[in-house]
Amino acid sequence: MTAQVAELLKRGRSRQGVLGLGGSPLGNFAHPMTDDEAAATMRRAWDRGIRYFDTAPHYGLGLSERRIGAELRRRPRDEFVLSTKVGRLIVPNPRPRERDDDGFAVPGDLTRQWDFSATGVERSLRESLERLGLESMDILYLHDPDQAWEGATGEGLTALARLKADGVVKAIGIGTNSVTGLAGVIEDGLVDVIMLANRYSLLDHTALDSVLAPAHRFGVAVVAVGVFATGLLSTARPAPGSTYEYRAPDADVIGRAERIATVCEDHGVELPAAALAFPLLHPAVSAIAVGMRSPHEVDENLRRFETDIPAGLWSDLIAEGLIPAAAVRTHQP
């Protein structure tokens with residue numbers, strides 16, 4: 001990975017690697033939480049040693065950034081890594097609603113406006129820093145550029161490169177759940193890091209050849225998110241009502257998750273612990289980030305993250321055809 005990203009992520013590294021806190025739940029994704037609950041979650045994460053925090057204007061129409069900033073601006077700035085995203089401006093809603101209509105339990109008086117232009121990128125970062133109450137950003141991602149690929153990866157990435165050259169941000173990248181076009185961006189040396197959602201987990205290996213292989217070859221870091229497959233891998237056995245890709249999973253997906261859970265049980269390992277460990281086996285993956293909405297979830301995720309996973313578990317998953325052999329290439333920090 002680039003020297004900038006390596007140096008940044010050193011702040012959050014433990015024996016198992018880097019576990020970051022994903023800020024979507026702190027923006028009231030799917031369910032509301034109070035400011036006090038958000039603060040307690042952030043404080044527990046800090047007290048337990050988490051030092052990488054990711055957020056975005058999209059998450060609760062700025063609510064996640066405000067809540068994360070309220071805690072982080074009390075901390076020494078050189079002791080944590082913070083990333084946010086650009087591509088969606090938060091603007092007054094011309095048709096105010098009682099509630100946001102994009103999955104967050106927040107008022108609908110504001111809305112999102114796609115803008116990957118240079119002016120939009122600079123404005124988005126400036127407004128994010130205002131919401132956070134901070135003066136600097138470590139990693140800045142283009143958020144979901146597949147929505148307007150040509151403009152986003154043209155003018156948008158050029159704007160990010162200029163911000164990095166000017167020292168406004170330390171590292172730049174793309175945050176997306178689509179692998180389309182990423183190999184070219186990586187090979188052209190346009191990014192330092194890719195935050196990839198839902199495309200590399202125990203259940204989805206789409207990114208293995210299309211993103212992770214070129215990222216490793218060209219020294220681009222990957223942050224894997226969505227490692228619990230939006231819920232299906234977050235419990236010891238797939239639970240009734242769990243989602244996959246934010247919707248009800250089909251029988252094939254449930255069957256594969258059940259088979260993985262059985263192999264985990266045979267080795268005395270919880271399914272969520274294996275889900276957290278799996279992405280970091282690949283040398284391209286430098287960190288994972290997980291949404292957390294309570295001190296209890298922080299404790300549970302860290303307990304699982306710190307689990308020692310026997311090599312035999314991965315061997316058995318390969319033998320069962322549940323994960324590809326190429327995924328298990330032990331990562332040397």
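This report looks at an annotated domain, two buried residues and one helix in a predicted model.

**The annotated span**

An unreviewed UniProt entry assigns residues 19–310 the annotation "domain: NADP-dependent oxidoreductase". Helix makes up 37% of that span, and strand makes up 21%. The C-alpha atoms at the two ends of residues 19–310 are 20 Å apart.

**Two buried residues**

Threonine 41 sits in helix H2, which runs over residues 35–47. Serine 83 belongs to a strand, E4, covering residues 81–86. The table sets out their places and accessibility.

| Residue | Element | Relative accessible area |
|---|---|---|
| Threonine 41 | helix H2 (residues 35–47) | 0% |
| Serine 83 | strand E4 (residues 81–86) | 0% |

Threonine 41 has a relative accessible area of 0%, so it counts as buried, a class that requires a value under 20%. What does its side chain lie beside? A polar atom of the threonine 41 side chain is 3.2 Å from the backbone nitrogen of serine 294. Ser294 also appears among the contacts of threonine 41 beyond four places in sequence. Met292, Arg293, Pro295 and Val298 are on that list too. So are Leu21, Leu26 and Met33.

Serine 83 is buried as well, because its relative accessible area is 0%. Which side chain makes a polar contact with that of serine 83? The partner is tyrosine 52, at 2.9 Å. Beyond four places in sequence, serine 83 touches Tyr52, Phe53, Asp54 and Thr55. It also touches Met137, Ile139 and Tyr141. Alanine 105 comes 22 residues away along the chain from serine 83. The C-alpha atoms of this pair are 23 Å apart.

**Helix H11**

Helix H11 spans residues 311–319. Which of its residues are buried? They are Leu313, Trp314 and Leu317. These residues lie on the same side of H11, because they cover an arc of only 95° around the axis. A general rule fits here: an α-helix has 3.6 residues a turn, so residues three or four places apart point the same way.

What covers the buried residues of H11? The cover includes helix H8 (251–266) and helix H9 (271–277). On the face turned away from the buried side, H11 carries the exposed residues Ala311 and Ala319. Just after the helix comes glycine 321, with a positive phi of about 75°.

Technical notes. Residues numbered from 1 in each chain as written. Predicted model: local features only at pLDDT ≥ 70, side-chain atom pairs only at ≥ 80, totals over all residues. Heavy atoms only, no water. Helix = DSSP H or I, 4+ residues; strand = E, 2+ residues; numbered from the N terminus. Buried < 20%, exposed > 50% of the residue type's maximum accessible area, 1.4 Å probe, protein only. Polar contact = N/O pair within 3.5 Å; in protein donor to acceptor, adjacent residues only side chain to side chain. Contact = heavy atoms within 4.5 Å. Arc of directions from axis to C-beta. UniProt positions renumbered as here; feature names shortened; annotations may be inferred.
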